[in-house]
Amino acid sequence: MNEARRNDKYVPPWTDPKAEPYVRIEKVTKKFGDFVAVDDVSLNIYKNELFCLLGGSGCGKSTLLRMLAGFEQPTSGSIYLDGVDMAGIPPYNRPVNMMFQSYALFPHMSVEDNVAFGLKQERLAKNEVSKRVNDMLGLVQLAQFAKRKPHQLSGGQRQRVALARALVKQPKLLLLDEPLGALDKKLREQTQFELVNLQDRTGVTFVVVTHDQEEAMTLASRIGVMNQGRIVQVGTPTEIYEFPTTRFVADFIGSVNMFEGRIVDEDNDFVRIGAEDARCTIFINHGVAAAPNSTLWVAIRPEKVNISREPPPDASENCTTGIVQDIAYMGDVSIFNVKLDGGKVVKVTQPNLFRHAEETITWEDRVYLHWHPASGVVLLQ
Amino acid sequence: MTRIAYVPLGHRLAHMFEPLARQLVRLPPVRWLLTQVSRLGFSGKSLVISVPYVWLLLFFLVPFVIVLKISFAEQVVAQPPYTALLGWVDEKFLTLKLNIANYLFIVRDSLYWKAYLNSMKVAAISTLLCLLVGYPMAYGIARTSPAWRNVLLMLVILPFWTSFLLRVYAWIGILKNNGIINNILMSLGIIDSPIVMMQTPFAVYVGIVYSYLPFMVMPLYATLEKMDLTLLEAAYDLGCRPFKAFLRITLPLSIPGIVAGCMLVFIPAVGEFVIPELLGGPNTLMIGKVLWDEFFSNRAWPVASAVAIAILLLLVIPIMIFQHYQARDAEAGR
Amino acid sequence: MNQKRSWFLPACLIAGFAFLYVPILSLVIFSFNASKLVTVWGGFSAKWYAELLGNSQILDAAWLSVRIAAINASLAVVLGTMVALVLTRLGPFRGRALLSGMATAPLVMPEVITGLSMLLLFVSLEQWFGWPQGRGVTTIVIAHATFSLAYVAVIVQSRLTQLDESIEEAALDLGARPAKVFFVITLPIIAPALISGWLLAFTLSLDDLVIASFTSGPGSTTLPMVIFSKVRLGVSPEINALATILIAIVAIAVVVAGYFMKRQESMRQRDIQRAIAANQ
């Protein structure tokens with residue numbers, strides 16, 4: 001896997017139409033009474049992937065995960081794992097293991113016994129069990145804590161016990177419910193990389209549920225963004241960030257400036273959009289499949305907007321002007337809130353390249369905002 | 001005063017049912033259980049459900065049906081001392097004799113009315129007294145340091161673990177004419193002749209408040225302890241004085257505890273037997289005592305049953321309030 | 001808290017606890033009274049204890065009560081735990097509301113009603129099925145277990161609702177079947193609740209006069225029934241001695257339990273401290 005990723009010829013399985021998906025979720029719907037938690041979701045996950053389900057609370061991501069684990073049965077639709085229909089198979093008979101958000105460590109058992117629990121259910125020989133437990137504890141660097149009880153461990157150590165316990169059974173699929181949610185920020189950043197590392201070394205397919213977009217971007221090979229029980233977009237982190245397909249995704253991942261407008265001129269390889277609230281014409285250097293005169297939106301990321309006190313050479317298109325309302329100095333970047341003449345506030349981030357900027361922009365300055373024709377993303381819905 | 005109703009039923013059909021089965025099978029839960037068991041076989045889940053279910057149906061719900069039944073029977077000198085309700089006439093007709101004489105008797109005889117009203121009064125006043133004593137205690141415990149809290153809480157529950165009967169008995173030694181209080185007061189010269197406290201309503205109130213105080217303090221403590229203290233700080237911060245903050249914030253938030261505590265005291269107190277018997281003496285009329293006497297002294301099982309049904313009818317509303325709060329508590333804990 | 005009112009709550013607490021404990025204290029003190037007049041001090045003596053130990057009626061009744069209480073408590077724990085499990089873990093099913101109602105109503109049901117209804121049930125059962133033949137230990141145990149199980153159910157239910165359900169799900173996920181999950185995971189974790197439930201059921205049974213009076217038969221006179229018949233005739237120093245022994249047993253049990261709980265808690269705290277220190 002690791003080798004494959006470094007290989008130039010590596011073709012991601014999701015771009016290969018002949019690749020067989022490892023997990024196939026087909027038109028799965030889950031209702032609790034009248035409430036539709038998961039709404040007609042179809043999704044393919046491939047072997048060795050680290051797939052992230054990303055969404056706000058109540059979007060259905062955890063319910064989808066629990067259906068993969070077997071704690072909930074789909075109201076309709078089916079789930080296949082490695083070609084086998086999972087319908088009716090209880091959690092204790094699935095080759096799937098889960099790492100719980102609360103870790104759910106057995107409080108009355110030592111670390112060792114916690115990790116050994118799953119293997120003992122398979123009735124493996126004693127020495128086989130202890131060998132695999134020791135190997136696993138070594139892998140997550142907990143060998144010296146084997147005899148401790150969960151309450152004698154720190155949060156980070158508990159997280160690793162939970163991970164070891166789920167991984168030691170060598171499941172076909174490992175489900176992780178907010179795996180880093182209970183850790184503080186510093187530890188979380190460090191653990192993110194450990195998790196990716198571990199996934200590489202064990203070759204187990206991971207499905208991670210998270211509400212933290214940064215976590216999803218760092219961990220995932222692909223991300224599925226969920227909203228109101230539906231999958232709204234599936235793609236690599238880059239695709240999700242740079243090429244969102246809906247306003248929801250553009251808005252949910254990172255921050256974005258959204259302009260509403262109509263097409264005023266178009267051809268096969270360009271389109272001009274009149275955006276009332278941006279008070280300018282936005283030029284996009286590719287064609288758009290939209291009905292003429294329909295409303296559409298242009299999303300532009302704050303870091304892709306240039307800010308200057310002097311007007312750019314060509315101010316006829318992709319350029320607008322406003323007054324600086326707020327400045328937030330973040331160290332690595334500065335954030336400017338610029339109020340356009342029409343009243344709309346646009347967010348711009350600029351890297352602080354120099355320690356002393358010769359000509360700094362300050363409050364109440366009139367500034368010009370402009371961007372490259374490739375920067376705007378046209379959204380139809 | 002016997003009303004006889006004839007229920008014509010087919011001869012063969014009627015013989016198919018044993019009397020108990022007839023009573024049981026009509027209950028929806030039993031019908032449900034029977035279908036479940038036959039449909040599922042005996043899976044673990046239905047076993048876990050059905051064992052306590054059957055137990056409670058048989059030993060908790062069915063007894064009330066039987067009490068209801070016997071309250072309509074006639075008293076006879078026999079073993080058991082009541083008549084059967086259902087009988088056969090010519091092996092064809094099932095007869096149902098409903099004797100409402102017992103009810104008429106307890107409605108007409110003012111003794112029962114007085115006993116009911118007095119029981120309600122005694123229970124209500126005792127509950128109020130319990131609340132007045134218990135609320136400051138629960139509040140005080142909830143606001144001490146956590147280490148003290150556990151000790152004090154233990155001290156509240158501790159008397160509950162020692163015999164209830166003996167604790168009531170202790171009050172006899174304290175309240176009687178040559179008891180501790182009178183001895184102390186007389187030796188101090190405050191009074192010349194003993195104050196009569198035993199066999200008075202006062203003794204009954206003291207006994208009930210004393211015995212049921214832990215039942216009041218525990219639920220009150222549970223709600224007060226859960227309360228977020230920053231709410232009070234917020235109220236002070238917004239200019240509210242402590243006493244007003246108590247009235248406007250603490251008191252409304254502790255209503256579930258107050259209701260639970262009051263029901264836990266009031267309902268059993270209405271039917272209390274031991275305390276009025278030992279502390280109240282022969283002149284105290286309380287319905288639990290009346291029932292006991294009807295049953296044990298007069299062997300009037302049907303009248304005792306009618307009295308029990310009447311108590312239940314009185315207590316249905318408080319019991320439902322209690323269950324409502326209990327269920328809400330259980331749901332909130334989930 | 002507020003300065004002006006700071007005396008009020010402590011005063012309430014002191015008065016309240018005095019109210020709770022003075023009667024108990026008086027029982028203990030007068031059990032050592034030489035005089036037969038229970039409330040007049042006639043010098044120190046332990047003769048009532050000697051007399052109590054020679055009273056075979058009381059001793060037999062006490063032994064019977066302890067046996068009944070122990071069987072009752074064990075039965076109530078099994079049934080009460082099942083009720084709690086059904087209500088917290090098995091999800092919605094038809095008839096759930098009725099079960100939860102039947103499991104909480106005994107908590108507040110007046111004892112005379114429970115006792116009467118139980119007796120009438122046993123009489124009717126005997127008429128219809130010939131069982132139980134007469135009344136005695138079996139009928140008392142059944143009656144006691146029925147109301148004790150409600151108390152156990154409340155205690156276990158509150159423990160189960162606090163228990164993170166994902167711990168049980170994790171065990172399922174790791175391949176343990178539901179029954180095994182209960183015995184290997186859930187049961188050890190809720191064991192303290194079961195023990196306190198058992199003790200409570202034991203005490204309730206040991207303490208009960210009214211229901212036992214209805215459901216007992218000749219030859220099954222429990223301790224509260226003996227005490228009651230004696231107390232009805234007036235105060236008796238022997239009863240004071242008995243009360244003191246009971247109070248001593250409870251007090252010792254509480255102190256021992258408290259000591260162990262405290263030791264366990266401080267060990268736990270130390271472990272947590274060490275874990276935090278190790279992490280930094």
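Two strands count as paired if DSSP finds at least two bridges between them. With that in hand, here is a tour of a predicted model, view by view.

**View 1. Strands β3 and β9 of chain A run parallel, joined by 4 bridges.** Strand β3 covers residues 50-54 and strand β9 covers residues 222-227 of chain A. To find your way along this pair, look for Phe51(A), which stands opposite Arg222(A) in β9(A).

**View 2. The parallel pair sits within an open sheet of 6 strands in chain A, whose order is β6-β7-β8-β3-β9-β10.** The pairing in this sheet is mixed. At its edges are β6 and β10 (230-235) of chain A, each of which pairs on one side only. From one strand to the next, the twist averages 20°. Do look out for helix α5 (residues 155-167) of chain A, which lies across β6, β7 (173-177) and β8 (205-210) of chain A. This helix runs at about 175° to β6(A).

**View 3. Another open sheet in chain A has 5 strands with antiparallel pairing.** Reading across, the strands come in the order β13-β12-β11-β14-β20 (chain A). Strands β13 (280-284) and β20 (377-379) of chain A are the edges, each pairing on one side only. Neighbouring strands here are turned by 40° against each other on average, direction ignored. Strand β12 (residues 271-275) of chain A is joined to β13(A) by 5 bridges, and the two run antiparallel. A handy landmark is Ala275(A), standing opposite Cys280(A) in β13(A).

**View 4. Chain A meets chain C through 27 residues of its own and 24 residues from chain C.** About 2300 Å² is buried between chain A and chain C, with carbon and sulfur atoms giving 60% of the area. On the chain A side, Tyr92(A), Gln121(A) and His151(A) lose the most area to chain C, together 26% of what that side buries. There is 1 salt bridge across this interface: Arg66(A) pairs with Glu169(C), and their closest N and O atoms are 2.7 Å apart. Alongside the salt bridge count, 9 residue pairs are in polar contact (both at pLDDT 80 or more). Elements α2 (61-69), β6 (96-99) and α3 (111-121) of chain A each supply at least two residues of the side that touches chain C. By class, that side of chain A has 14 nonpolar, 9 polar and 4 charged residues.

**View 5. Chains B and C have the most contacts among the 2 pairs of chains that touch.** Chain C brings 87 residues to this contact and chain B brings 95 residues. Between them they bury about 8500 Å², 80% of it on carbon and sulfur atoms. Met102(C), Val108(C) and Trp128(C) supply 8% of the area that chain C buries against chain B, more than any other three residues. The count here is 1 salt bridge, formed by Glu277(B) and Arg232(C), whose closest N and O atoms are 2.9 Å apart. Residue pairs in polar contact number 9 (both at pLDDT 80 or more). Helix α5 (residues 111-129) of chain C gives the largest share of the side of chain C that touches chain B, 14 residues. That side of chain C divides into 64 nonpolar, 19 polar and 4 charged residues.

**View 6. Chain A and chain B do not touch.** Their nearest C-alpha atoms are 15 Å apart.

Methods: Residues numbered from 1 in each chain as written. Chains lettered and ligands numbered in written order. Predicted model: local features only at pLDDT ≥ 70, side-chain atom pairs only at ≥ 80, totals over all residues. Heavy atoms only, no water. Contact = heavy atoms within 4.5 Å. Buried area = accessible area lost by both parts, 1.4 Å probe. Salt bridge = Lys/Arg side-chain N within 4 Å of Asp/Glu carboxyl O. Polar contact = N/O pair within 3.5 Å; in protein donor to acceptor, adjacent residues only side chain to side chain. Nonpolar A, V, L, I, M, F, W, Y, C, P; charged D, E, K, R; others polar. Axes fitted to C-alpha atoms, helices over the stretch in contact; angles between N-to-C directions.
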